[in-house]
Amino acid sequence: MKKLKDKLLKGETVYGSLFQYSVVPAMVESIPKNSLDFVIVTPEHTTLDLAEFLPLRYALNSKGIVCLARTHSRDAADVARVCDTFDGVVVPYVEEYEQAQELAAAAVYRPLKGIVLDKVLKTGKFVNQKTADYIEKKNENTLFIPMIESVPGIENLEKICSIPGVNAVFVGPGDLTANMGIPGEYDHPDLIAAIQRVIDTANQQHVAAGCWFGTTKQAVRTIRQGARLVVYANDGLMLQHAMQTAFSELRKG
């Protein structure tokens with residue numbers, strides 16, 4: 001976990017994938033060495049619950065792979081709970097500065113809440129140095145990654161990236177293209193330009209940025225745009241790609 005955060009802070013590129021279906025820890029043995037820096041577990045499009053991915057988290061950690069979790073909600077209590085359990089959190093559809101500040105605080109200032117937390121956010125002052133040291137130590141490796149999935153999110157990105165605890169931002173192209181009026185058009189020039197704007201804005205704040213894509217061609221294009229948070233495909237898509245390639249060759253004889 002510390003290694004991943006250090007890479008982000010040093011301006012290096014990190015590589016990961018979404019896991020939507022894989023909850024059996026033994027499957028981690030099939031992951032090639034030096035392929036993944038991190039995994040984002042997400043039950044977004046399934047009937048699974050985040051708790052079902054917890055054994056996978058420990059199996060991934062044993063291989064030096066960070067396990068982040070995508071929340072269903074944009075609720076601060078959910079963010080804190082996920083960060084207490086996984087290595088960090090990815091929060092969907094963040095688009096306002098105040099919202100992002102509240103969510104980031106739930107991750108990197110936990111367990112502070114209420115009036116005490118509000119004072120820290122407004123003044124930067126903790127109850128005392130002992131509390132400040134405790135919070136820093138407890139959350140030093142926690143990763144908080146807001147998803148930018150709307151035009152307002154892009155417009156507010158400079159302020160969002162200035163929030164303490166925001167080390168990376170992650171574009172969700174499905175929601176963003178729908179928001180832009182070009183649903184599902186992942187090669188549309190307007191989407192490519194929007195991603196470039198996100199990457200450039202984030203880089204100015206020394207924050208890594210990236211976008212999910214399901215094809216290597218699209219992912220490489222985004223890397224060439226300057227993406228440093230590379231999130232490629234998901235477990236289901238990678239299985240599909242591997243089987244299509246293999247059995248296509250086999251059936252040719």
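The exercises below, each with a worked solution, concern a predicted model of one protein chain.

**Exercise 1. The chain as a whole**

Task: Decide whether the radius of gyration of the chain agrees with that of a compact globule, and describe the overall make-up of the chain.

Solution.
Step 1. The chain has 253 residues, and a compact globule with that many residues would have a radius of gyration near 18 Å. The chain has 18 Å, which agrees.
Step 2. Along the principal axes, the C-alpha atoms fill a box of roughly 70 × 40 × 35 Å.
Step 3. The chain contains 12 helices and eight strands.
Step 4. Of the 253 residues, 47% are buried. The chain exposes about 12,800 Å², and 53% of this is supplied by carbon and sulfur atoms.
Step 5. Take the contacts between residues at least 6 apart in sequence: 62% of them join residues at least 24 apart.

**Exercise 2. The setting of strand β3**

Task: Work out how strand β3 (residues 66–70) is placed in the structure, beginning with how many of its residues are buried.

Solution.
Step 1. A residue is buried if its relative accessible area is under 20%. Five of the five residues of β3 are buried, so this strand is largely enclosed by the rest of the structure.
Step 2. In a regular strand, side chains alternate between the two faces of the sheet. In β3, V66, L68 and R70 point one way, while C67 and A69 point the other way. Residues on both sides are buried.
Step 3. Strand β2 (residues 38–41) runs parallel to β3 and is joined to it by four bridges. Within this pairing, V41 has A69 as its bridge partner. Between the two strands the chain passes through helix α2 (residues 54–62), and this β-α-β crossover is right-handed.
Step 4. Strand β4 (residues 88–91) also pairs with β3 in the parallel sense, over two bridges. Here R70 has V90 as its bridge partner. From β3 the chain reaches β4 through helix α3 (residues 76–85), in a β-α-β crossover that is right-handed.

**Exercise 3. Two residues of β3**

Task: For C67 and A69, find the relative accessibility and list the residues in contact beyond the neighbours within four places in sequence.

Solution.
Step 1. C67 lies in strand β3. Its relative accessible area is 0%, so C67 is buried.
Step 2. Leaving out residues up to four places away in sequence, C67 touches V39, V41, R57, L60, N61, F86, D87 and G88.
Step 3. F38 is 29 residues from C67 in sequence, yet their C-alpha atoms are 5.8 Å apart.
Step 4. A69 is also in β3. Its relative accessibility is 0%, and it therefore counts as buried.
Step 5. Beyond neighbours within four places in sequence, A69 is in contact with V41, L50, V82, F86, G88, V89 and V90. One of these, V41, is its bridge partner from strand β2.
Step 6. A69 and F86 are 17 residues apart along the chain, and 6.5 Å separates their C-alpha atoms.

**Exercise 4. Three salt bridges**

Task: How many salt bridges does a search of the whole structure find? Then describe the pairs K7 and D37, D78 and R81, and D84 and R110.

Solution.
Step 1. The search finds nine salt bridges.
Step 2. K7 and D37 meet through their side chains, with an N to O distance of 3.1 Å. K7 is in helix α1 (residues 2–9) and D37 in the loop between β1 (14–19) and β2, so the pair links distant parts of the chain, 30 residues apart. Both residues are buried.Step 3. D78 and R81 form a salt bridge with an N to O distance of 3.9 Å. Both lie in helix α3, three residues apart, about one turn of the helix. D78 has 26% relative accessibility and counts as partly exposed, whereas R81 is exposed, with a relative accessible area of 59%.
Step 4. In the salt bridge between D84 and R110, the closest N and O atoms are 2.6 Å apart. D84 lies in helix α3 and R110 in the loop between α4 (97–108) and α5 (114–123), so the pair ties together parts that are 26 residues apart in sequence.
Step 5. D84 has a relative accessible area of 52% and is exposed. R110, at 8% relative accessibility, counts as buried.

Technical notes. Residues are numbered from 1 along each chain as its sequence is written. This is a predicted model: local features need pLDDT of at least 70, side-chain atom pairs count only at pLDDT 80 or more; totals for chains, interfaces and linings use all residues. Side-chain values use heavy atoms; hydrogens and water are left out. Buried means under 20% relative accessible area, exposed over 50%, partly exposed in between (1.4 Å probe, protein chains only). Two strands pair if DSSP finds at least two bridges between them. A crossover is right-handed if, with the strands pointing away from the viewer, the path from the first strand over the helix to the second runs clockwise. The radius of gyration is taken over C-alpha atoms; the globule rule is 2.2 Å times the number of residues to the power 0.38. Contact means heavy atoms within 4.5 Å. Accessible areas come from the Shrake-Rupley method with a 1.4 Å probe; for residues, only the protein chains shown count as cover. A salt bridge is a side-chain nitrogen of Lys or Arg within 4 Å of a carboxyl oxygen of Asp or Glu.
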